[in-house]
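This report goes through one protein chain by its ring pairs, its helix packing and a few single residues. The sequence and the structure come before the details.

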Amino acid sequence: MASDDRWMERLRLELAWFTGQHRLRGRRAGAGAILRFQRVRPRGRAPFQPLLANEITPKFLDRVLRALKRWKFDIVSMDEVCRRAVTLPERRRFVALTFDGAYKDLATFAYPVLSHHGVPFTVYVPTAFPDGVGEAWWLALEQVIVRESRISLMMGEKEQRFDVTERAQKQELFTLIEEWLRTLSPAELSAAINDLCKRHRVDLGAVSREASMDWSDLSKLAADPLVTIGNATVNYAALATMKDTAAAREMAMGKAVAESAFHREIGHFAYPFGDRISFRRSHVVMAEEAGFASAVSTIPGIVDTEGRTNLRALPRISWDGRRRSLRVLRVLVSGATFPPVKPTGSMHY
């Protein structure tokens, strides 16, 4: 069913290209778009890759940057996004490049491409990960299901056992467990993933450290004036699973740790996971109270001008790494397929 949905979505976007919708201009198309990427690395060869949607190759990133320049988009920083979101429309549309997760492959594979093109970008750092204590539970879950054909874990008060030998079965189980883990509080999630990893001999700490940049990696990026360092809390926990006091503390502490590490103000924030079930209106207010100039979600959409888009609930277009079509990208960043932007106040998103 999910593959059918992806096929229909791709068909819809390809049709938008062929019918010329990407040439739409005016208020409905907004001022620009924020693109969201996560991992950038050469394509793996494993037959089962449940997180493939979160990855692009360095070659594809190069193609994206060349295309955006060819299409005459301004590639801008998050500071510039904030400026354009509150001013009158400009002649050229913008695209901002953002990267979630502070993965090590951003420094290894993405940065050389971005630096070659001389374009600004933002990386959102959950500060527990460069400290080596963050838990990338989604990567550990992937490893467990890739390696094992018989999987057991405690789900609530009951032990569950699964036999998964086929690729489709593994994908179904990954989705089931991932969605369940996303509903848990941070403490419950940590206990559940640690139990799963111990049962199946996966070193959660090592998996997390291997995938993440450390402070040395980040300091090298931060030295580049084209790089904006943002924050994504301390532990990258979905704020909606926490009490308000704990959520506010995660946001404030993440900002403080990053500012101490980089000796600069951290003005931009990303809601962990960022979809509608991961944060609430109260967290939009918290982002403003914490002193962030902007906060980005993963809710798809475009950024409008003259203050019609809330700076602490900015939409982003999450690129699906299973897509290779630049036509689809052109349609998405044009804003033509998104509904008109509705004015939002500081209490809404």
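The text below starts with the chain as a whole and then turns to aromatic rings, a helix pair and selected residues.

## Overall

The model is predicted. Its chain has 12 helices and 12 strands. Of the 349 residues in the chain, 54% are buried. Among contacts with a separation of 6 or more, 72% are between residues 24 or more positions apart.

## Aromatic pairs

A pair of aromatic rings is described by two quantities, the distance of the centres and the angle of the planes. Searching the whole structure gives 14 aromatic pairs. One of them joins F99 and F121 in an edge-to-face arrangement, with 5.6 Å from centre to centre and 85 degrees between the planes. F99 belongs to strand β5 (residues 94-100) and F121 to strand β6 (residues 121-125), so this pair ties together parts that are 22 residues apart in sequence. F99 is buried at 1% relative accessibility, and F121 is buried as well, with a relative accessible area of 2%.

Another pair is made by W215 and F262. Their ring centres are 5.7 Å apart and their planes stand at 65 degrees; planes over 60 degrees apart count as edge-to-face, so the W215 and F262 pair is edge-to-face. W215 is in helix α9 (residues 215-222) and F262 in helix α10 (residues 244-262), and the pair links distant parts of the chain, 47 residues apart. F262 counts as buried, with 8% relative accessibility.

Beyond these two pairs there is a cluster. Ring pairs link F129, W137, W138, Y236 and F273 into it.

## Charges over rings

Which residue has its charged end over the ring of F273? That residue is R182, whose charged end sits 4.4 Å from the centre of the F273 ring. F273 is also a member of the aromatic cluster with F129, W137, W138 and Y236. A second case involves W319: R323 lies over the face of W319, at 5.8 Å from the ring centre.

## Helices α5 and α8

Two packed helices are described by the angle between their axes and the distance between the axes. For helix α5 (residues 137-147) and α8, the angle is about 115 degrees and the axes are 9 Å apart. The crossing of these helices, α5 and α8, is right-handed. On the α5 side the contact is made by W137, L139, A140 and Q143, which meet L204, V207 and A211 in α8. Sorted by class, the contact of α5 with α8 has six nonpolar residues, one polar residue and no charged residues.

W137, part of this contact, is also in the aromatic cluster. Helix α8 (residues 204-211) holds S208 too. S208 is buried at a relative accessible area of 2%. Not counting residues up to four places away in sequence, S208 touches G134, E135 and A136.

## Selected residues

Four further residues are listed with their place and relative accessibility.

| Residue | Place | Relative accessibility |
|---|---|---|
| A33 | strand β1 (residues 32-37) | 0%, buried |
| A102 | loop between β5 and α4 (104-117) | 1%, buried |
| F273 | loop between β10 (268-270) and α11 (281-289) | 16%, buried |
| I302 | loop between β11 (294-296) and β12 (317-318) | 5%, buried |

Which residues does A33 contact, leaving aside its neighbours within four places in sequence? They are F94, V95, A96, I317 and V333. A33 and R316 are 283 residues apart in sequence, and their C-alpha atoms are 6.8 Å apart in space.

I317, one of the contacts of A33, also appears in a pair with I302. The C-alpha atoms of I302 and I317 are separated by 7.9 Å, and the two residues are 15 residues apart along the chain.

The remaining point is backbone geometry. A102 has a phi near 50 degrees, a positive value in a residue other than glycine. F273 has a phi near 70 degrees, which is likewise a positive value in a residue other than glycine. F273 counts as buried at 16% relative accessibility because the cut-off for buried is under 20%.

Key. Residues numbered from 1 in each chain as written. Predicted model: local features only at pLDDT ≥ 70, side-chain atom pairs only at ≥ 80, totals over all residues. Heavy atoms only, no water. Phe/Tyr/Trp six-rings, centres within 6.5 Å; stacked < 30°, edge-to-face > 60°. Helix = DSSP H or I, 4+ residues; strand = E, 2+ residues; numbered from the N terminus. Buried < 20%, exposed > 50% of the residue type's maximum accessible area, 1.4 Å probe, protein only. Lys NZ or Arg CZ within 6 Å of the ring centre and 35° of its normal. Contact = heavy atoms within 4.5 Å. Axes fitted to C-alpha atoms, helices over the stretch in contact; angles between N-to-C directions. Left-handed = near helix turned anticlockwise from the far one by under 90°. Nonpolar A, V, L, I, M, F, W, Y, C, P; charged D, E, K, R; others polar.
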